Amino acid sequence: MIEADLPARPRSELSLRFGRFRQNRLAMASVVVLTFIVVACFLGPFLFPFTGQDADFDAINLGVDFTSIHLFGTDDFGRDLLVRTLEGGRVSLTIGFLGALVAGIIGVMYGAVAGFVGGRWDRVMIRVIEILYAFPYVILVILLAMLFGGGNVALFLAIVFTLWLTPAVIVRAQAQSLARREFIEAARAGGMTRRQIIVTHIVPNTLSTVIVYGSLLVPEVILSESFLSFLGIGVREPQASWGNLIQAGRATMSTDIRLLLLPATMLATVLFCLNFIADGLRDAFDPNDR
Amino acid sequence: MLLFLIRRLADGLLTMAALLTLTFFVMRLAPGGPFSSNRKISPTIRANVEAAYNLDQPLVAQYLRYVRGVLQFDFGPSFRYRDYTVADILLNGLPFSLTIGLWAALVATVTGVTLGILGALKRNSLLDYSTGTIAVIGIAIPIFVLAPLMQVYFAVMLRWFPVGGWNDGWRSLVLPVVALALPNIAYISRLTRNSMIETMRENYVRTARAKGIGRGRVIRDHALTGAILPVVAYLGPATAAIITGSIVIETIFALPGIGRHFVDAALNRDYPLVMGITILYGFVLITFNIGADILRGWLDPRVRHD
């Protein structure tokens, strides 16, 4: 935090805001915990001599034992629970971050075009959003997952297809007010095409709003993915995801709660961290909005 | 106000029509019919089956027939449950889903608003902090994690309530309703708290206080109406959240409601049932959205004239 005290160096608005974010202890702690979990999910499984899909029929339903190789025991196929949870996290986190990114990009482009071009195009484009908004969200995801034929890619497409709406609406409102500003007028007078203006002026200026709402998208995507996998519509066995691990854990919870608790704790921790980070970003990016 | 009403209703009808059309074509385009996954059947039988379910007609004719049916609350026969029509299944499941859904909405609104107002009036008190913590938990922990944990603790360990089913009267209602209400309690209490704090700073509240009206009466007669507006606006999303939640809750607690049928129907590719439930859900959601808008327009003139 020492560098923040040097007034001489000019800093961009964005770096000032990230500086403010760094002051938020809860948000920074969440970043650390989240980074740890991400690293554990992507690198952790390599530390073990087996994968989450290797069934060891000599070691079925082992309990928690930190001295053995199966730290958190095994499930009823003798698959290691910790490794399965970590591998499931890989799937959930990848879908979460990638889904939020893609949905964010689509939403920003759509919203920027609708808001900047305006007129009849805008009315049609916003109507499409309104109609899609009226669908019960999860039902739309389920319908689309069925349309795309099931599987991870279908799940991903369905989630992205439903989640680009909110960023689009927010960016549209911003683009509308930006379109009336003088520097856009100047750019137009200077001979820039609409497309150039959108890419070089509109989109970068909506960035700070997009970062805030984008950070809220990530937990939403992870939640949808695990929700659908929990219901058996998303990621399927034998591939693990936090959703279907929780579903599997629920079957044995009355005798052995361990299978439920480990993936549930991981999912809840990640969602907590992402929510705190989103809160921190919002506070840092628009301090008036409290 | 009348113009506002008509415009909202027209919007609703348009959205409903779009929903109907989109659902129909998505379902027809989806790969793998209900009869394709089973063992091989001879082409003649296949043709007969398709004729019986009108699957051999052109898509547009099927669509028109379907729309005409829906307008008469006839969603056709279920592909999976041979002897039932989709309308039968919907009517059978509806009482269960409505019971837990409406109770959850009531519990969530009353608890959420009360906690929110108390939190706003006694800011930074112990109550405020604990409500805030509960809100964070309710928002971050998904319902399909909370509900099984509640089952383990209250049903398996303490044996206060049944693990699932519908055989113990009010006792089998408690866990599903609480699990369904919890995330909404979290949202509503946050919303109410923030808007109550904001409203208490408004000029008209200050004026009322300056005139010498007691604090309790200012809150009841003046501040509350303003503070409740965002909560009314949240009614639409809350309905969506309860519908979504009921899909999971009915599966977890083994309740014979519509949500559980929806998951089964999606997994079995029982297209008429999926379409019927989607349309019913869409209808409920659109109705509640319009209701919320009208209520908001009634409470706040600025909304009407927007």
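Start at the interface of chain B and chain A in this predicted model and look for salt bridges: the rule finds zero across it. Polar contacts come next, and the count of residue pairs between chain B and chain A, both at pLDDT 80 or more, is likewise zero.

Now select the helices on the chain B side. Those that each supply at least two residues to the side touching chain A are α1 (2-29), α5 (126-140), α6 (143-157), α10 (235-252), α11 (258-268) and α12 (271-299). Of these, colour α1(B) separately, since α1(B) gives the most to that side, with 10 residues.

Colour the chain B side by residue class. The part touching chain A has 33 nonpolar, seven polar and three charged residues.

Next, show both sides together. In contact are 43 residues of chain B and 35 residues of chain A. The area buried between the two chains is about 3,400 Å², with 84% of it given by carbon and sulfur atoms. Within chain B, pick B:Ala140, B:Phe144 and B:Val152, which lose the most area to chain A and together make up 15% of what that side buries.

Finally, move to chain A and select A:Arg236. This residue sits in the loop between α10 (207-231) and α11 (242-251) of chain A. Is A:Arg236 buried or exposed? A:Arg236 counts as partly exposed because its relative accessible area is 46%, which falls between the cut-offs of 20% and 50%. For a distance check, add A:Val160: its C-alpha atom and that of A:Arg236 are separated by 19 Å, and the two residues are 76 residues apart along the chain.

Note on methods: Residues numbered from 1 in each chain as written. Chains lettered and ligands numbered in written order. Predicted model: local features only at pLDDT ≥ 70, side-chain atom pairs only at ≥ 80, totals over all residues. Heavy atoms only, no water. Contact = heavy atoms within 4.5 Å. Buried area = accessible area lost by both parts, 1.4 Å probe. Salt bridge = Lys/Arg side-chain N within 4 Å of Asp/Glu carboxyl O. Polar contact = N/O pair within 3.5 Å; in protein donor to acceptor, adjacent residues only side chain to side chain. Helix = DSSP H or I, 4+ residues; strand = E, 2+ residues; numbered from the N terminus. Nonpolar A, V, L, I, M, F, W, Y, C, P; charged D, E, K, R; others polar. Buried < 20%, exposed > 50% of the residue type's maximum accessible area, 1.4 Å probe, protein only.
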